[in-house]
Amino acid sequence: MTAEQIKAQLTKFGVPFQEYKDWATHNRNHKGPWGPVHGFMVHHTGSDAKDQREMLYAGFSDLPGPLSQFGLAQDGTVHLIGWGRANHAGSGDPDVLEAVKAETDIPTDNESTVDGNRHFYGVEIWYSGTHKMSGAQYATLRLLAAAICDFHDWTEGSVIGHGEWGSPGKWDPGIKAGTMMDMDAVRADIKATISAGKPTTPTKPKPEPKPEPKPAVPPFPGAGYFRPGARNSYVTQLGQQLIKRGYGRFYSVGAGPTWTNSDRQAVRAFQVAQGWSGSGADGYPGPETWRRLFS
Ligand SMILES: [Zn+2]
C-alpha cells in the first residue's frame, strides 16, 4: 500500500486521521528491507501521555523512529507517523509469521529469528497497557484493521498483538500489568467490522415469473363447417380440443375431418357442462361454444 492508498482506505472506512510532519516519506527503509507486508500488529505505547506523536516519530537514541506507521490517540484519532519500515516489531517467530500468512491460528511464539519490521504494519495505541484502552481507541482499532485487511484482501487472521510475536516478555496490547488482551476476541470483532465494511452488492430484484402465455383462441370459422356431411380440418381441430378437454369418451376412433355423431354428442356434453340447455345445447358449436372450448 502506498501512502496515498492508506489515506484512501482510512477515508473509505471512516477512520478519523491526521497527518504528522512528513510521515509519508518518514521510514527506516534505508536501514533494512520493507515488505512484502503480511500482517498488522497491535501495540500499546506504555504511556498515557496525551500527545505521543513526536515520541513515535523520532523514537529514542537506542531505538530510532518511526516506531510505527500509526499512532492511535485516546480520542480515537489515528495519527500517521511514518510510512514504510518502522521500529515496532523487532524479531519474532517464523511459525507465527507463517500462521499470519496462512491466516490460521497463531501458535505460541518461542523464537525470535524473523525481522518483523519488514513484514508488519504497526499501530501504537496511546495507553499504558495497565488498563484497557479507551472505547474510542478500540472502535478505531477495529476500523483501522478492517481498512488494512480490506486493501490486501486479508482476513482478521492477519492481525496479531505484539505479545503474540515473539519478543520475550511482551504483553501488548495489555488490559492490566502483564496481561494481554484476548487477541482472538479482538480478531472476532475485527472480522465483524471487515464484513460490515465490505460494500454490499445490491441483489437484483427477481423478475416476476412470466405467466404461461395462453394459446390464442382460434377464430370461429363459421357454423357451416359443423354440419352433417361436412368434412374439413376445423372438425378435426374441434374434435381434438374436445378430447383434450375431457370429452374423449364420445370418440371411438379419435377426432377426424368428417363431422360425426361423436362430434355432436361431445359438443352437446360440453355445452351442457356450461349450464346451457335447449338450443344452447344442440350439439352444434357456435362462437361462444368455440371460444369457451379453446380458452
Ligand atoms: Zn509493542
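Two strands count as paired here if DSSP finds at least two bridges between them. I'm keeping that in mind while going through this predicted model.

**Entry 1: strand 9 and its partners**

I started with strand 5 (residues 70-72) and strand 9. They pair in the parallel sense, over three bridges. Looking up individual partners, I found F70 bridged to V123 in strand 9, and G71 bridged to E124.

Next I checked strand 2 (residues 39-44). Strand 2 also runs parallel to strand 9, and six bridges join the two. One of the partners I noted is F120, which is bridged to G39.

**Entry 2: the whole sheet**

I then stepped back to the sheet. It is open, has six strands and mixed pairing, and the order reads 1-6-5-9-2-10. Which strands stand at the edges? I get strand 1 (17-19) and strand 10 (159-161); each has a single partner strand, so one side of each is left without a neighbour in the sheet. From one strand to the next, I have the twist averaging 25°.

**Entry 3: burial along strand 9**

Is strand 9 mostly covered or mostly open? Mostly covered: I count six of its six residues as buried. I split them by face to be sure. F120, G122 and E124 lie on one side, Y121, V123 and I125 on the other, and all are buried, so both faces are covered.

**Entry 4: F120**

I picked F120 for a closer look; its place is in strand 9 (residues 120-125). Why does F120 count as buried? I find 26 C-beta neighbours inside 10 Å, and the cut-off for buried is 20 or more.

Leaving out neighbours within four places in sequence, I list V37, G39, F40, M41 and A89 as the contacts of F120. I also looked up H38: F120 and H38 are 82 residues apart in sequence, yet the C-alpha to C-alpha distance is 6.0 Å.

**Entry 5: helix 1 against helix 5**

Last, I turned to a helix pair. Helix 1 (residues 3-12) packs with helix 5 (residues 135-152) at an angle of about 120°, and the axes are 9 Å apart. That angle makes helix 1 oblique to helix 5. I have the crossing of the two down as right-handed.

For the contact itself, I noted Q5, Q9, L10 and K12 in helix 1 meeting A147, I148, D150 and F151 in helix 5. Sorted by character, the residues of this contact come out as four nonpolar, two polar and two charged.

Methods: Residues numbered from 1 in each chain as written. Predicted model: local features only at pLDDT ≥ 70, side-chain atom pairs only at ≥ 80, totals over all residues. Helix = DSSP H or I, 4+ residues; strand = E, 2+ residues; numbered from the N terminus. Buried ≥ 20, exposed ≤ 12 C-beta atoms within 10 Å, placed from the backbone. Contact = placed C-beta atoms within 7 Å. Axes fitted to C-alpha atoms, helices over the stretch in contact; angles between N-to-C directions. Parallel < 35°, antiparallel > 145°, perpendicular 65-115°, else oblique. Left-handed = near helix turned anticlockwise from the far one by under 90°. Nonpolar A, V, L, I, M, F, W, Y, C, P; charged D, E, K, R; others polar.
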